[in-house]
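Welcome! Open your viewer, get your selection tool ready, and let's take a short walk along this chain together.

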Amino acid sequence: MNHFPIFLATAGRSIVLSGGGEAALAKLRLLMKSQAAITVFAADADAQIKTWATQGKLTLVDRALRAGDTAGAALFYAADEDEAEDARTAAIAKADGALVNIVDNLHDSEFITPAIVDRDPVTVAIGTEGAAPVLARAIKADLEERLPTTLGTLARIGKAFRGAADALPFGRPRRDFWRDYYFTSGPRAIAAGEDAVRPALHDLLDTHLARTARDGHVAFVGAGPGDPELLTLKARRALDEADVVIHDRLISPEILELARREAVMVDAGKEGFGPSMTQEDINALIVEHARTGAQVVRLKSGDATVFGRLDEEIDAVTEAQIGWHIVPGITSASAAVAAIGQSLTKRNRNSSVRFLTGHDMKGFADHDWAALARPGEVAAIYMGKKSARFIQGRLMMHGADRATPVTVIENASRPEQRIIGTTLADLPQTLTDADMTGPALMFYGLAPRAAAAQPIAQILQEAL
């Protein structure tokens with residue numbers, strides 16, 4: 001993030017603009033929404049700018065900008081649409097300490113003006129750091145349709161009511177009150193007219209003041225394989241309401257960003273064969289936070305019910321008499337098999353599929369290798385990178401064909417996803433050569449559809 005977004009207080013402050021043409025008009029239409037004192041310097045200003053000056057919306061100085069004209073200005077816009085003149089006026093403003101924006105010159109600007117959705121006092125700013133103005137406008141148009149025009153009225157009334165709402169305890173009780181107001185009672189009341197909103201607010205406050213504090217609760221949420229767009233709506237809602245998020249090491253930063261900004265974020269990362277927080281400590285952590293009345297999200301990679309030691313955590317919160325529920329997620333096998341263009345089962349090939357783990361609490365995990373070694377069997381192997389040689393040995397020991405295809409998908413569903421096809425015979429060496437650092441899932445018995453006919457060496461070379 002090169003441009004850090006902030007909202008600048010403009011009441012009583014000075015904003016200066018140099019220019020009187022189309023670029024100046026576009027900026028002034030936006031700037032006049034603020035409470036700043038706007039001064040325009042232009043020797044030949046557009047008629048509309050002169051009209052605004054006559055109406056008292058801005059001050060127009062009928063000449064070019066000079067040294068000292070930007071003294072005390074908070075912001076300066078160079079909008080003369082002339083490279084040399086813009087550079088000259090920008091230098092004056094910078095010397096006076098004003099932040100400078102040069103229209104259509106991102107490189108030399110100290111700040112940029114985002115696209116804005118205005119539901120005063122609710123303001124949504126959309127910026128792309130100059131990379132995609134068309135995209136910013138498309139997002140703005142979408143938000144304009146989604147946000148009702150009454151939202152600003154509800155926000156103004158709510159702002160005036162904040163002092164009364166402070167009678168509620170700080171934290172979740174107040175958040176629940178405002179959530180009810182903005183998403184339920186407020187929209188319902190304003191449908192009957194603005195005068196109906198304030199009485200509805202008082203009634204809503206009385207209702208919330210009479211409520212007993214909510215008990216702590218734990219949501220065991222599957223975060224999916226990493227792509228935030230694969231997160232379920234129910235998972236998004238849980239993250240939005242969470243007071244505490246206790247997450248696994250493999251949860252992508254993009255998903256963690258979706259949590260409520262004020263939520264306490266706790267990394268409970270576990271790593272196979274490496275240092276990590278013990279399961280007992282994680283259980284105690286979940287219970288500790290929930291006992292304070294917090295709404296806790298235990299965020300697990302993939303689906304919470306697949307190789308996530310979920311039962312132990314449920315047993316811990318149940319023993320502590322804490323309420324809980326499970327929010328399913330897309331397991332990594334589903335995302336990975338979609339990435340290679342295959343299906344987990346296929347008529348005349350396999351009518352069942354096995355989900356296996358490469359290691360468990362005691363080390364390498366043992367399975368029914370004899371059954372898995374039969375021709376046509378398919379297995380999704382989780383946490384198998386470090387146990388690849390063990391898996392290979394067990395399968396070959398029970399007669400598995402050395403040429404059985406194996407596909408390894410690293411960072412399934414994420415932008416840095418890699419797909420590597422190999423065989424059972426070459427599996428350990430392929431993984432060594434690939435030098436994978438991200439989470440990986442193996443498919444025993446499946447080859448990538450697009451790469452099935454390519455030599456293994458070529459597949460590895462292209463993947464790397």
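Start by selecting Met1, Phe4 and Ile6: together they make a nonpolar patch on the surface, with about 450 Å² of accessible area. Keep in mind as you look around that this is a predicted model. Now click on methionine 1 alone, in the segment before strand S1 (14-18). Is methionine 1 buried or exposed? Its relative accessibility is 78%, so methionine 1 counts as exposed, since the cut-off for that label is over 50%.

Next, highlight residues 151-196. The UniProt record, an unreviewed entry, places the feature "domain: Sirohaem synthase dimerisation" here. Colour residues 151-196 by secondary structure and you will find 72% helix and 0% strand. The C-alpha atoms at the two ends of this stretch are 15 Å apart.

Now jump to glutamine 295, in strand S11 (residues 295-300). Glutamine 295 counts as buried because its relative accessibility is 10%, and buried means under 20%. Show its neighbours: among the residues that glutamine 295 touches are Arg172, Arg214, His217, Glu241 and Val244. Aspartate 215 deserves a click too, as the side chain of glutamine 295 reaches the backbone oxygen of aspartate 215 at 3.0 Å.

For the last stop, select helix H15 (residues 388-397). Which residues of H15 are buried? They are Ala388, Phe390, Ile391, Gln392 and Leu395. Turn on the surroundings to see what covers these buried residues, including helix H14 (369-372), strand S16 (379-382) and helix H16 (427-434). Finally, step just past H15 to glycine 399, which takes a positive phi of about 95°.

Terms used
Residues numbered from 1 in each chain as written. Predicted model: local features only at pLDDT ≥ 70, side-chain atom pairs only at ≥ 80, totals over all residues. Heavy atoms only, no water. Helix = DSSP H or I, 4+ residues; strand = E, 2+ residues; numbered from the N terminus. Buried < 20%, exposed > 50% of the residue type's maximum accessible area, 1.4 Å probe, protein only. Polar contact = N/O pair within 3.5 Å; in protein donor to acceptor, adjacent residues only side chain to side chain. Contact = heavy atoms within 4.5 Å. UniProt positions renumbered as here; feature names shortened; annotations may be inferred. Patch = residues over 30% accessible without salt bridge, like charges linked within 9 Å, V, L, I, M, F, W, Y side chains within 5 Å. Areas by Shrake-Rupley, 256 points an atom, 1.4 Å probe, with all protein chains shown as cover. Salt bridge = Lys/Arg side-chain N within 4 Å of Asp/Glu carboxyl O. Lists of a residue's contacts leave out its neighbours within four places in sequence.
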